[in-house]
Amino acid sequence: MSRWRRREAGSSSERPRAPALGPATTPGSRKFWAIELLAPRNRARIEAATGAQDVEVSPGFDASPIFALGVASLRYAEDEVERCVRKGIDQYLILGAGFDTFALRRVDLSGRLRVYEIDHPDVQALKRERVAASSREPASLPTFVPVDFEATSFAAEIAKSGFDGGRPAVLSWLNTIPYLTQEATVTTMKEIHAVLAAGSRVVVNYGAEVPLTPDQIAFLSRLQEVVSSAGEPVRSQWKPVDFAAMLSDIGFEVLEHASEVDLTALYFEGRGDGLKPGVPGRIITAERR
Ligand SMILES: C[S@@+](CC[C@H](N)C(=O)[O-])C[C@H]1O[C@@H](n2cnc3c(N)ncnc32)[C@H](O)[C@@H]1O
């Protein structure tokens, strides 16, 4: 892995190479919820798509370079969750869960892993409406914990949810930090540290302030227009060294600091359609000290 990688104490092997991201390997059930949770007007469009490049969030704008980064980040976190479950961790917190389908689709883990989804109250309410309106009764559901990271205390809300802060957990916070101010991000990271037991794992990604190619500058400026007009402007970017230092100062040990190049090598090699992360990204696996 990149120069950021630090071997885990006692780790006997490198991270095993994961199979490339591709069409759902388990027919039906794995993608059922992803489609079911879409706004009805978008379902037919997505079902008719022949490849990721057809998934336009805005007419004429091919979002696949950022879409691939986001999906790869989710997969990277789920690989860490699998490793944690194998070690006996039985609590998974998903911050900024949005329409994440892990809890609905991983029925196989429902007896072994309790999932908590922490998200903005409005988005969470919409997700719950869509689950309730689904043609299929969910076999497993997360515990929903409504939190506005800019206004509410994550620690106060999670304390009411049944989460056991006395035992280690795994936590992911993905594709959300760019939409928050640096202040809200730091406050929430401190709260995460306060509620997690030592030995817990966190996987977080953030908007990286790194040199860009002219194509990346053009893409990101168009993306900013699209997300701003959808009411979710990008609010923060971090220099990788600053983000890692912030985590370390709060009390996390950074175990791995991966880039879009690492994610491409892990999940996109050998694809025939050219899909891969097309913008810089950074994702960190850290342990709560
Ligand atoms: C782009 S979505 C990512 C969803 C999911 N993690 C994923 O990767 O598919 C961003 C998420 O951040 C959440 N979010 C943005 N601002 C927030 C805030 N102030 N408080 C809580 N959640 C927020 C949104 O509700 C949304 O679920």
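A residue is counted as buried if 20 or more other C-beta atoms lie within 10 Å of its own, and as exposed if 12 or fewer do. The structure described here is a predicted model.

**The chain as a whole**

The secondary structure comprises ten helices and nine strands. Of the 289 residues of the chain, 34% count as buried. Among contacts with a separation of 6 or more, 77% are between residues 24 or more positions apart.

**Asn-175 and the ligand shell**

Asn-175 is found in the loop between β6 (170–173) and α7 (182–195). Asn-175 has 20 other C-beta atoms within 10 Å and is therefore buried. The backbone of Asn-175 has a phi near 60°, which is a positive value in a residue other than glycine.

Asn-175 also belongs to the surroundings of the ligand. There are 18 residues around the ligand, and those that come nearest are Gly-96, Gly-98, His-120, Val-123 and Asn-175. By character, the shell is made up of eight nonpolar, six polar and four charged residues.

**Strand β4 and its parallel neighbours**

Strand β4 covers residues 114–119, and six of its six residues are buried. Arg-114, Tyr-116 and Ile-118 point one way from the strand, while Val-115, Glu-117 and Asp-119 point the other way. The residues on both sides of β4 are buried, charged side chains such as Arg-114, Glu-117 and Asp-119 included.

β4 pairs with two strands. With strand β3 (residues 91–95), the pairing is parallel and extends over five bridges; Leu-93 has Tyr-116 of β4 as its bridge partner. With strand β5 (residues 143–146), the pairing is again parallel and rests on four bridges, and Asp-119 stands opposite Pro-146 of β5. Between β4 and β5 the chain passes through helix α5 (residues 121–132), forming a right-handed β-α-β crossover.

**Strand β9 and its antiparallel neighbours**

A second group of paired strands involves β9 (residues 282–288), which runs antiparallel to strand β8 (residues 252–259) and is joined to β8 by seven bridges. Within this pair, Ser-259 has Arg-282 as its bridge partner, and Ala-258 stands opposite Ile-283. β9 is also joined to strand β7 (residues 201–206) by six bridges, again in the antiparallel sense; here Val-203 stands opposite Thr-285.

Both β8 and β9 are mostly covered. Six of the eight residues of β8 are buried, so β8 is largely enclosed by the rest of the structure. In β9, six of the seven residues are buried, so this strand too is largely enclosed by the rest of the structure.

**Helices α3 and α8**

The table sets the span expected at 1.5 Å a residue beside the distance between the end C-alpha atoms.

| Helix | Residues | Expected span | End C-alpha distance |
|---|---|---|---|
| α3 | 64–86 (23 residues) | 33 Å | 33 Å |
| α8 | 214–229 (16 residues) | 22 Å | 23 Å |

For α3, the distance agrees with the expected span, and the same agreement is found for α8. Each of these helices is followed by a glycine with positive phi: Gly-88, just after α3, has a phi of about 105°, and Gly-231, just after α8, has a phi of about 85°.

How many of the 16 residues of α8 are buried? The number is zero, so α8 lies largely in the open.

**Two less covered positions**

Ala-34 has its place in helix α1 (residues 29–36). With 15 other C-beta atoms within 10 Å, Ala-34 is partly exposed, because this count falls between the limits for exposed and buried. Ala-34 and Leu-104 are 70 residues apart in sequence, yet their C-alpha atoms are 9.5 Å apart in space.

Arg-136 lies in the loop between α5 and β5. Only 11 other C-beta atoms are within 10 Å of its own, so Arg-136 is exposed. Arg-136 and Trp-33 are 103 residues apart in sequence and 9.2 Å apart in space, C-alpha to C-alpha.

Notes. Residues numbered from 1 in each chain as written. Predicted model: local features only at pLDDT ≥ 70, side-chain atom pairs only at ≥ 80, totals over all residues. Near = placed C-beta within 6 Å. Pairing = 2+ DSSP bridges. Right-handed = clockwise from strand over helix to strand, strands pointing away. Contact = placed C-beta atoms within 7 Å. Expected span 1.5 Å × (residues − 1).
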